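Here is a quick walk through one small set of coordinates, written for someone who likes to check backbone angles and contacts. Have the viewer open while you read.

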Amino acid sequence: MVNCPACDALIDVDEDELDEGDPLSCDECGASLRVTSVGPLELESDEDLDEEDEEDFEDFDEDEEEEEEEEEEEDW
């Protein structure tokens, strides 16, 4: 048993059958979840993971743009 991070409802799962990255859904609120750790079992909302990935991508883009600007300045 593990709690849904979105609504705190108990989710009945066979913890021995889960691996990190496995998808789950909450029967109570319908949230899409993903296993982030198996010892101890931890879940995170798929939406939270997507937002983190987007933030990482945005940070990468900003860093890349700064590097390009610095290179252009050096060329002058």
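The notes below go from the overall layout to the sheet, and then to a few residues worth a look.

## Overall layout

First things first: this is a predicted model. The protein has one helix and five strands, and the elements come in the order β-β-β-β-β-α, starting from the N terminus.

Of the 76 residues, 21% are buried. The accessible surface adds up to about 6000 Å², and carbon and sulfur atoms own 37% of that. As for contacts between residues at least 6 apart in sequence, 16% of them link residues at least 24 apart.

## The three-stranded sheet

Three strands make an open sheet in the order β3-β4-β5, and the pairing is antiparallel. At the edges sit β3 (23-25) and β5, each of which pairs on one side only. Ignoring direction, neighbouring strands in this sheet are turned by 45° against each other on average. As general background, strands of a sheet pair through backbone hydrogen bonds, and the pairing can be parallel or antiparallel.

How many bridges join β3 to β4? Three, with the two strands running antiparallel. Within this pair, S25 stands opposite S32 of β4. The two strands form a hairpin with six residues between them, and G30 in that turn has a positive phi of about 80°.

On the other side, five bridges tie β4 to β5, again in an antiparallel arrangement. If you want to find the register in your viewer, L33 stands opposite S45 in β5, and S37 has E42 of β5 as its bridge partner. β4 and β5 also form a hairpin, this one with two residues between them.

## Around S37

S37 belongs to strand β4. Is S37 buried or exposed? Its relative accessible area is 17%, and the cut-off for buried is under 20%, so S37 counts as buried.

The side chain of S37 reaches the backbone oxygen of P40, with a distance of 3.0 Å. Leaving aside residues up to four places away in sequence, S37 touches E20 and E42. That makes E42 both a contact of S37 and its bridge partner in β5.

## The G39-P40 turn

Now for the loop between β4 (32-38) and β5 (41-45), where G39 is found. P40 lies in this loop too. What kind of peptide bond joins G39 and P40? A cis one, with omega at about -5°. In general, most peptide bonds are trans.

G39 has 62% relative accessibility, and the cut-off for exposed is over 50%, so G39 counts as exposed. E20 turns up here as well: the C-alpha atoms of G39 and E20 are 9.6 Å apart in space, while the two residues are 19 apart in sequence.

## A positive phi at D8

One more backbone angle to check is at D8, in the loop between β1 (2-3) and β2 (10-11). Phi of D8 is near 70°, a positive value in a residue other than glycine. Most residues other than glycine have a negative phi.

D8 has a relative accessibility of 55%, so D8 is classed as exposed.

Notes:
Residues are numbered from 1 along each chain as its sequence is written. Side-chain values use heavy atoms; hydrogens and water are left out. Helices (H or I, at least four residues) and strands (E, at least two) are DSSP runs, numbered from the N terminus. Buried means under 20% relative accessible area, exposed over 50%, partly exposed in between (1.4 Å probe, protein chains only). Two strands pair if DSSP finds at least two bridges between them. Axes are lines fitted to C-alpha atoms, for helices over the stretch in contact, and angles run from 0 to 180 degrees between N-to-C directions. A polar contact is a pair of N or O atoms within 3.5 Å; within protein, one must be able to donate a hydrogen and the other to accept it, and residues adjacent in sequence count only if both atoms are side-chain atoms. Contact means heavy atoms within 4.5 Å. Accessible areas come from the Shrake-Rupley method with a 1.4 Å probe; for residues, only the protein chains shown count as cover.
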